[in-house]
Amino acid sequence: MLCWGMLIEHKHPPMRLQKLTLAGFKSFAKSITFAFPAPVAAIVGPNGSGKSNVAEAIRWVLGEQSLKTIRGKRGEDLIWHGSPRTPRLGRATVSLTIDNRDRRLPLDFTEVAVERKIFRDGTSQYFLNGSTVRLKDIIELLARLGLGETKHNIIGQGEVDHILGASARERREILEEAIGLRLAQLKKREAERKLEETDRNRREIEGLIREIAPHLKFLKTQAEKAEKREATRRELEEALGAYAAREGQAIGEDRKRIERDEEPLRHNLAAAERDSADRKRDIAAAESGADDAAELASKEKLLEGLEAKRRGLEREFGRIEGRLESEPQSRPPGWRGLDVSAAESALRPFVASLREVMALDAIDEIRRRVSSIAAKIEALLKQWYHEASRPGPRPGGHALEAEKQRIRRDLHVAEAAIREARKNLAHARERASAREQKLREYWQGLRQQEETASSLRNALQRSEFELERVRTRAAELERIIGDSGLSPSDLKPTGTRYDTVPSEELRRKIEKLKVRLEETGGIDLVVLKEYSDTKGRHEFLTRELADLSSAEKDLKRLIAELDAKIERDFKTGFGKVREAFQHYFRIIFGGGKGTIEYVALRRPKAGMDEELSEGEGGEVTYGVEISVDIPRKRIRGLDMLSGGERALVSVALLFAITAVNPPPFLVLDETDAALDEANSQKYAAILKELSKKTQLILITHNRETMKVSGVLYGVTMGDDGISKILSLQLEEAEGYRNR
Ligand code: ATP
């Protein structure tokens, strides 16, 4: 009799599965817990008692999605369906507790309980230590344990040669998972999914960038224009500011200076004008008093008359003296002679008239007057001839002497009058000359004042011109500022780079800047805002694109690395599995050769065989072929194997895989069913060996298998159709087998 203690290995691997609880799952209507304190646990019991339900519970709680592999058609097939005495249940629950003291699972718990529930409506829920999780989380968790979808570590009833019947590609998948590539593959798949997503995002963003690029370009030229304009405007502000400050100051100073200079001019002009007026008044006073010319003329005329009278007296006197001397002289009879004095008196008016005529300009008038004067003289001459030829008395000698005396007296009188007249005339002349002298002085003074006034007026006018020029400059400055479109408050008067530029140059610069400003046109603020927005968006997208590209690169590198790792690990693992397979094969078959081969396959097109066929299309992939050679029995190839032999080959491969990369646990549901006694012993020996590397949960009727178990659970089913368990000793277990 084998007891528990004897069977328990002292040096056993960390046990992964601690316990399994079924409640309402299939025939386990009542909650039942299997504890797994030993590396090998065997579940025994009669046919139909519910043993396989236990293996299926493990498969199911770990996320199995295929109902077929757990012998169900619908989800509710997994729930206790009731018996006459025990009504059916609404849900089934399976919970598997995993030891996590080594923190192989990335959860901060020493134990991790995976739980799955299903309800009659088919909905299923997962929990990790009581918290709801997704199936994805469970799958990831299992991947951490080196388990994947194929669950090669759970071999269901009748599935032992499943691996032999599987396709080359399926075998490869089983092997990949068994070798422990699951995690890397998951990572790779995730990376590929991300890569696809990234690629999609990248294309989307590229599209967006392409879309906004031309608009951005347009906006950019606008913005650049605006910037240029702004720079020009600033430059203009500075230049104009410097110019306006300088020019404004100059204008102010000039204006002040001119006004200051004008002040004495005005003062002096007023004085000169006052003086002139005084002079004019003096002159007027001086001139209004006497008519010197007329007085002189009358005095001269008087003198002339007196002198003429004297000359007449002297001639008469001479004639009388001559007559007195020449008395005996013969005369024509009747000639009375001509009285000279009378003649002179008669002719004198003609002289005066002729003088007047001489003063005339109009020739017709002169002619008329001269001819009238000539006619009058003719008439006089005629008269005289008539009078002279008229007989008359001739004065005698006494009469002549008396006449002579009278004339002499007259002459004396005339001379005295002449002297008097001359004296008067001289006085008058002196007076006139004195007055003239004074007037000349007045005039000179007046002229001087007027000249002074005139030159002052000229100076004032010049000053006015100058002021006008200053005003023009001020207006020009205002115009320049006004034209610039800048407000005077924008101008920066000092501290600019233009402070030292000469004014003329500055002026030219300002004109140039104004022209440039006009050429650049106006700034649309909306466009600027849009540019900054669009640019921001473009930059954002470009950054995104760069991020995506770098992410893409990273992902591609990761995928390549994972590919390389998968391939490397697969090759090493594959080589090891092949070796182990050969090893177990020889043990089980007592020689011969069992090998696995890595072969190229073409991924099948729809409806085609997936084995490689030359020249056919499709993507190249790889698969695993199994070949056997048992010379002793002349067996070459899988087809020639018996059922038991197929099971043995499968077991050899399963053990090989398990030995190379031990899964955390192995569930074998009657994989030993087809073995004879000799092979059962070999099988048990290998199990014992494997139990050092992995936890075993065995469902069996086989005594040899039971012998290697540390824990035995008996499963029974009473009339109520409910599975129950009891811990057993080996003999009891054997008892079930022999029933
Ligand atoms: P064997 O040794 O012959 O392989 P076993 O011990 O593996 O038998 P199982 O196949 O696990 O037995 O058990 C099948 C039993 O479970 C059957 O009796 C079946 O009626 C019962 N069963 C399956 N599904 C349900 C369910 N939903 N409700 C109740 N009982 C169920």
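Which residue in β2 stands opposite T21? Keep that in mind as we set off through this predicted model.

**Stop 1: colour by confidence**

Start with the whole protein coloured by pLDDT. The mean is 85, and 90% of the residues reach 70 or more. Now select helix α1, residues 4–7: confidence is lowest here, at a mean of 30. For the other end of the scale, pick strand β5, residues 111–119, where confidence is highest, at 96. Extend your α1 selection to residues 1–12 and you have a stretch where pLDDT stays under 50. The model has 22 contacts beyond four places in sequence for residues 1–12.

**Stop 2: the six-stranded sheet**

Next, show the strands β2, β1, β4, β5, β6 and β7. In that order they make an open sheet of 6 strands, with antiparallel pairing. β2 and β7 stand at its edges; each has a single partner strand, so one side of each has no neighbour in the sheet. If you look at the twist, neighbouring strands of this sheet are turned by 20° against each other on average, ignoring direction.

Zoom in on β1, residues 17–23. On one side, 4 bridges pair β1 with β2 (residues 32–35) in the antiparallel sense. Select T21 for the answer to the opening question: T33 is the residue opposite T21 in β2. Now pick L20, whose bridge partner in β2 is F34.

Then turn to the pairing of β1 with β4, residues 91–99. These two strands run antiparallel and are joined by 6 bridges. T21 is worth selecting again, since it also has S95 opposite it in β4. In other words, T21 faces T33 in β2 and S95 in β4.

**Stop 3: helices on this sheet**

Add helix α2, residues 51–61. It lies across β1, β2, β4, β5 and β6, and runs at about 75° to β4. Add helix α3 as well, residues 135–144: this helix lies across β5, β6 and β7, at about 50° to β6.

**Stop 4: the ligand**

Keep α2 in view and display the ligand. Which helix gives the most to the shell around the ligand? That is α2, with 3 residues. Around the ligand there are 19 residues, and those that come nearest are N47, G48, K51, S52 and Q157.

Switch on distances for the backbone atoms of three residues:

- G50: a backbone N or O atom is 3.1 Å from an oxygen atom of the ligand.
- N53: a polar backbone atom lies 3.0 Å from an oxygen atom of the ligand.
- I79: a backbone N or O atom is 3.0 Å from a nitrogen atom of the ligand.

If you compute surfaces, the ligand taken alone exposes 640 Å², and the protein buries 79% of that.

**Stop 5: two backbone angles**

Select R71, in the loop between α2 and β4. Its phi is near 50°, a positive value in a residue other than glycine. Then go to N129, found in the loop between β6 (124–128) and β7 (131–133). N129 also has a positive phi without being glycine, with a value near 45°.

**Stop 6: the three-stranded sheet**

Finally, select β9, β10 and β11. They form an open sheet of 3 strands in the order β9-β10-β11, with antiparallel pairing. The edge strands are β9 (593–602) and β11 (635–636), each of which pairs on one side only. Between β10 (residues 620–630) and β11 there are 2 bridges, in the antiparallel sense. Highlight D629 here and look for its bridge partner in β11, R636.

Two helices complete this view. Helix α5, residues 168–179, packs on the sheet and touches β9 and β10; its direction makes about 90° with that of β10. Helix α12, residues 525–589, also packs on the sheet and touches β9 and β10, with its direction at about 145° to that of β9.

Key: Residues are numbered from 1 along each chain as its sequence is written. This is a predicted model: local features need pLDDT of at least 70, side-chain atom pairs count only at pLDDT 80 or more; totals for chains, interfaces and linings use all residues. Side-chain values use heavy atoms; hydrogens and water are left out. Two strands pair if DSSP finds at least two bridges between them. Contact means heavy atoms within 4.5 Å. Axes are lines fitted to C-alpha atoms, for helices over the stretch in contact, and angles run from 0 to 180 degrees between N-to-C directions. pLDDT is the predictor's confidence in each residue, from 0 to 100. A residue is near a molecule or strand if one of its heavy atoms lies within 4 Å of it. A polar contact is a pair of N or O atoms within 3.5 Å; within protein, one must be able to donate a hydrogen and the other to accept it, and residues adjacent in sequence count only if both atoms are side-chain atoms. Accessible areas come from the Shrake-Rupley method with a 1.4 Å probe; for residues, only the protein chains shown count as cover.
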